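Please take a moment to look at the sequence and the 3D structure shown here, and keep both in view while reading. The paragraphs that follow go from one pair of helices to the whole protein, and then to single residues.

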Amino acid sequence: MTTMETSAPAFAPAPTTPPEPAVRQRVAELGALRARVHAGPGEKATEAQHARGKLTARERIDLLLDPGTFHEVEPFRRHRATGFGLESKRPYTDGVVTGWGEVEGRTVFVYAHDFRIFGGALGEAHAEKIHKIMDMALAAGAPLVSLNDGAGARIQEGVSALAGYGGIFRRNTRASGVIPQISVMLGPCAGGAAYSPALTDFVFMVRGTSQMFITGPDVVKAVTGEEITQNGLGGADVHSETSGVCHFAYDDEESCLTEVRYLLSLLPQNNRERPPWAATGDLADRRSPALLDLVPAEGSRPYDMREVISELVDDGELLEVHERWAPNVLCVLARLAGETVGIVANQPLALAGVLDIKASEKAARFVQMCDAFNIPLVTLLDVPGFLPGVGQEHDGIIRRGAKLLYAYCDATVPRISVILRKAYGGAYIVMNSQSIGADLTFAWPTNEIAVMGAEGAANVIFRRQIAEAEDPETTRARLVKEYRAKLMQPYYAAERGLVDDVIDPAGTRQALVSALAMLRTKHAELPPRKHGNPPL
């Protein structure tokens with residue numbers, strides 16, 4: 001019998017040896033290089049940025065994202081352009097910091113212009129970094145935040161820089177309605193660069209340091225002779241009050257970026273998800289008896305619709321979009337029983353709550369945003385009609401007012417309306433009426449739904465009878481009273497199925513929470529089409 005000897009395995013593991021000194025040296029070099037990249041072009045440039053009242057790109061990213069979550073992409077990227085001295089100036093990052101991190105534990109992609117490098121101007125490598133992070137955000141299905149502080153296209157790189165902007169615009173458009181896109185203006189944004197923020201869902205600006213315009217003050221003066229400052233032409237107050245380009249304006253960068261985080265907490269990651277639910281101590285069945293005193297029964301008396309909304313939503317917390325532009329309609333993001341809702345409401349304190357061109361466009365854009373990101377819509381009506389006037393007609397109230405009508409008709413998210421007082425004429429139809437697809441319509445006992453107000457209706461219907469009366473004023477008053485009693489009593493629309501229920505105002509929150517819970521599984525499909533052709 002032969003004894004078998006045990007031999008060593010054929011593939012024995014190699015003995016562990018410490019890394020070669022060269023590897024450690026390379027790692028040390030990497031750490032030193034990364035530190036140089038993070039430091040930027042130098043202390044002097046950083047001091048100059050702070051002297052302008054502005055933070056650096058990395059300081060802004062630190063404020064936006066949860067601590068320690070930022071992952072930078074292409075920090076060592078440098079341009080390859082030549083000419084005009086560029087070949088001797090090749091800083092790392094090429095003037096834009098890109099990457100991803102988290103806001104309240106959810107992934108967010110970000111790019112931030114570094115004004116200390118080439119004034120944040122966009123060149124070929126700079127643009128390619130932005131293109132890459134935009135593509136990553138769309139592929140991952142996560143929001144994209146741009147922190148803008150750049151001087152436009154890098155002139156020394158010519159048409160390559162312009163083509164870079166074209167790539168950004170195309171990606172903005174492709175991502176529209178798919179992922180939330182937020183533009184934060186923290187410095188100048190001139191020329192074609194201003195079109196990217198205009199294509200995104202929300203624009204934030206900081207007073208005194210951020211400006212947006214297509215042609216600057218010097219060009220305006222040369223062409224038209226008008227003299228104006230940069231802030232007077234395209235500052236935060238101009239765009240938040242006059243043009244409507246800016247949705248939110250703040251006095252400092254810290255407040256601005258804090259509100260960006262809050263907005264993100266109200267939005268879903270993409271169009272395939274619902275907005276995140278948030279715990280609240282506010283009871284879903286809480287009654288609001290204060291509403292009985294907030295809203296006067298007399299239709300001509302004004303009140304603040306913001307107070308009504310605050311009474312209805314969780315903990316009275318809300319985020320008003322376009323607060324200072326078109327104030328006669330309110331567009332608000334808030335929560336009901338922890339769920340994000342979009343609220344559109346007439347504001348009787350401004351122009352009696354009428355719809356005009358600006359209000360229609362403001363509300364239409366908001367409705368489309370909510371529908372794109374699965375945010376249910378609640379509409380609070382107290383509308384006397386569309387604003388009459390030659391200026392409104394000549395400026396296209398028919399075409400531009402139809403934008404709101406189109407937006408509501410096209411929306412497939414849950415849609416609930418509450419009629420507080422007046423709901424007159426075409427404005428009533430446009431503001432999410434039953435006839436254009438509202439899922440549920442509630443009305444308070446103070447509602448008046450009609451083609452027009454009783455006085456105007458009586459003057460039209462009984463014109464001859466009033467004119468021929470011995471006492472026209474007494475006759476007019478009597479006929480107005482008769483018209484109101486017959487056609488404008490609070491149960492007239494309910495009797496005809498145009499209102500689902502007449503409710504106690506104090507129970508409005510309960511009614512909305514219950515209705516939204518029922519509609520949570522709503523599924524609606526539009527006819528197959530490439531896209532609609534809305535009025536512009």
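At what angle do helix H13 and helix H15 pack, and how far apart are their axes? In this predicted model, helix H13, which covers residues 357–372, packs against helix H15, which covers residues 397–410, at an angle of about 20 degrees, and the two axes are 8 Å apart. Angles under 35 degrees count as roughly parallel, and H13 and H15 are therefore described as roughly parallel to each other. The crossing of H13 and H15 is, in addition, left-handed. On the side of H13 the contact is made by Ile357, Ser360, Glu361, Ala363, Ala364, Val367, Gln368 and Asp371, while H15 brings Ile397, Arg400, Gly401, Lys403, Leu404, Ala407, Tyr408 and Asp410. Sorted by class, the contact of H13 with H15 has 8 nonpolar, 3 polar and 5 charged residues.

A second pair of helices can be read in the manner just used. Helix H4 (residues 124–140) and helix H5 (residues 159–175) have axes that come within 9 Å and cross at roughly 10 degrees, and H4 and H5 are therefore also called roughly parallel to each other. Glu124, Ala127, Ile130, His131, Met134, Asp135 and Leu138 of H4 meet Ser160, Gly164, Gly167, Ile168, Arg171, Asn172, Arg174 and Ala175 of H5. By class, the contact of H4 with H5 has 6 nonpolar, 5 polar and 4 charged residues.

One residue of this contact, Ile168 of helix H5, can be followed further. Is Ile168 buried or exposed? Its relative accessibility is 3%, and Ile168 therefore counts as buried. Leaving aside neighbours within four places in sequence, Ile168 is in contact with Leu122, Ile130, His131, Met134 and Ser196. By contrast, Ile168 and Thr56, which are 112 residues apart along the chain, have C-alpha atoms separated by 22 Å.

It helps now to step back to the whole protein. Its secondary structure comes to 21 helices and 17 strands, and its C-alpha atoms fill a box of roughly 125 × 90 × 45 Å, taken along the principal axes. Of its 536 residues, 49% count as buried. Among the contacts with a separation of 6 or more, 73% are accounted for by residues 24 or more positions apart.

In soluble globular proteins, nonpolar side chains tend to be buried together. How many residues does the largest nonpolar core of this model have? This core has 64 residues, and Val184 and Phe204 are those with the most contacts inside it. Helix H13, already met above, gives the most to this core, with 7 residues. A second, separate core has 30 residues, including Ile309, Val341, Leu380 and Ile416. To return to Phe204, and again not counting residues up to four places away in sequence, this residue touches Ile182, Ser183, Val184, Met185, Cys246, Phe248, Tyr250, Cys256, Glu259, Val260 and Leu263.

Two further residues touch parts of the chain that have already been named. Val329 lies in strand S11, which spans residues 329–336, and at 0% relative accessibility Val329 counts as buried. Beyond residues up to four places away in sequence, Val329 touches Val344, Ala345, Asn346, Gln347, Ala359, Lys362 and Ala363; Ala363 is also one of the residues that H13 brings to its contact with H15. Val413 is found in the loop between H15 and strand S14 (415–424), and is buried, with a relative accessible area of 5%. Among the residues that Val413 touches, not counting those up to four places away in sequence, are Cys370, Asp371, Asp439 and Lys522.

Finally, two loop residues deserve a look at their backbone. Ala326, in the loop between strand S10 (318–321) and S11, has a positive phi of about 50 degrees although it is not a glycine. Asn432, whose place is in the loop between helix H16 (425–430) and strand S15 (440–443), likewise has a positive phi, of about 60 degrees, although it is not a glycine. Are Ala326 and Asn432 buried or exposed? Ala326 counts as buried at 6% relative accessibility, and Asn432 is buried with a relative accessible area of 0%.

Technical notes
Residues numbered from 1 in each chain as written. Predicted model: local features only at pLDDT ≥ 70, side-chain atom pairs only at ≥ 80, totals over all residues. Heavy atoms only, no water. Axes fitted to C-alpha atoms, helices over the stretch in contact; angles between N-to-C directions. Helix = DSSP H or I, 4+ residues; strand = E, 2+ residues; numbered from the N terminus. Parallel < 35°, antiparallel > 145°, perpendicular 65-115°, else oblique. Left-handed = near helix turned anticlockwise from the far one by under 90°. Contact = heavy atoms within 4.5 Å. Nonpolar A, V, L, I, M, F, W, Y, C, P; charged D, E, K, R; others polar. Core = buried A, V, L, I, M, F, W, Y, C linked by side-chain atoms within 4.5 Å. Buried < 20%, exposed > 50% of the residue type's maximum accessible area, 1.4 Å probe, protein only.
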